[in-house]
Amino acid sequence: MTVTEDVRVRGIVVACGDDPHSFTGLPNVSIVRVSALPGKAEIDPLLGKHERLIVAGTDADLSAVLVRLLRTDRVSGVSVGFVPSESGSAVAALWGLPTDPVKALEIALDGSASEVPLVRDDTGGILAGIATLRNVQGQAYSDEHLAFDGAAAVVEVSSDENGLVARVTRGKLVKRTTVFHGRAFQLGCLPTTSLVSDGVAHPREVTKRTWYRHTEDLRLIRP
């Protein structure tokens, strides 16, 4: 559907990749279908025309769209709704969003936006949901506090109402998890291919990664 600038439009629905929802019969709503993990060419022309942007797709699709908001300096000027295409969406779980598409769309169209922390990383990416590494050997800091030095069975980075959250699970037979809250989480480790960010496995080995809270919050539409 052609994007319209009609002032009556309640927002624009950006349906990513193989998102199965038809979104038919929506009054005063513009719909555009883009590829999975859409980039500059598909998203940037849509920005600046709508104050409400609804992303239908995976957590990774949402992250890709948020990157474009970040790069075009529109994070604080757009309210973002999310209609998960996967029942196991970490974003939905983190922020109390329904995974039922009808309910999620109702909230995205008619709900109010509230500010939530936006987490980015040192490669220019956005973490909308959760990043996980397993069987890591290295050292990590949450702000100035040592999170671990040695082996970690699981490292999980996400966000909550207060900012960035890192959960470090250690031990082989007896697991113990320590939760760290801060503005940044910095990891240095032996080469690992276990990094999964917003459900997508990193294609190359990583030896370091830093996640940190962006200076602007995301205007997320929630129940």
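Asn135 is exposed, with a relative accessible area of 68%, where exposed denotes over 50%, buried under 20% and partly exposed the range in between (1.4 Å probe, protein chains only). The model is predicted, so that local features need pLDDT of at least 70 and side-chain atom pairs count only at pLDDT 80 or more, whereas totals for chains, interfaces and linings use all residues. Residues are numbered from 1 along each chain as its sequence is written, and side-chain values use heavy atoms, with hydrogens and water left out.

Asn135 belongs to strand 8 (residues 131–142), strands (E, at least two residues) and helices (H or I, at least four) being DSSP runs numbered from the N terminus. The phi of Asn135 is positive, near 55°, although the residue is other than glycine. A positive phi of about 50° is likewise found at Leu37, which is not a glycine; Leu37 is placed in the loop between strand 2 (29–34) and helix 1 (40–43) and, at 47% relative accessibility, counts as partly exposed.

Helix 2 (59–71) has 13 residues, for which a span of 18 Å is expected at 1.5 Å a residue, in agreement with the 19 Å between its end C-alpha atoms; the expected span is 1.5 Å times one less than the number of residues. Because twelve of the 13 residues are buried, helix 2 is largely enclosed by the rest of the structure. The buried residues include Asp59, Asp61 and Arg68 as well as Leu62, Leu66 and Leu69. Just after helix 2, Asp73 takes a positive phi of about 60°.

The largest nonpolar core, a set of buried Ala, Val, Leu, Ile, Met, Phe, Trp, Tyr and Cys residues joined through side-chain atoms within 4.5 Å, has 30 residues, of which Val14, Leu53, Leu62, Leu66 and Leu69 touch the most other members. Two or more residues of this core come from each of several elements, including strand 1 (11–16), strand 3 (52–57) and strand 4 (79–84), while helix 2 gives the largest share, six residues.

Empty space was examined on a 1 Å grid over the protein atoms alone, a cavity being a set of points where a 1.4 Å probe fits but cannot get out, and a pocket an open set with protein on both sides within 12 Å along at least five of seven lines; lining residues have an atom within 4 Å of a point. Grid points are joined across faces, edges and corners, and a volume is the space filled by probe spheres set on the points. The largest pocket holds about 460 Å³; of its 19 lining residues, Asp121, Gly125, Ile126, Ser197 and Val200 are the closest to its centre. Helix 2 gives the most to this lining, with five residues.

The second largest pocket has a volume of about 150 Å³, and its lining includes Asn135, Arg170, Lys172 and Arg176. Strand 8 and strand 9 (145–160) each give two or more residues to that lining.

Three cavities of 30 Å³ or more are present, and the largest has a volume of about 80 Å³. This largest cavity is lined by 13 residues, with Leu66, Trp95, Pro117, Ala128 and Leu218 nearest its centre.

With a disulfide defined as a pair of cysteine sulfur atoms within 2.5 Å, the count comes to zero. Cys16 counts as buried at 2% relative accessibility, and Cys189 counts as buried at 10%.
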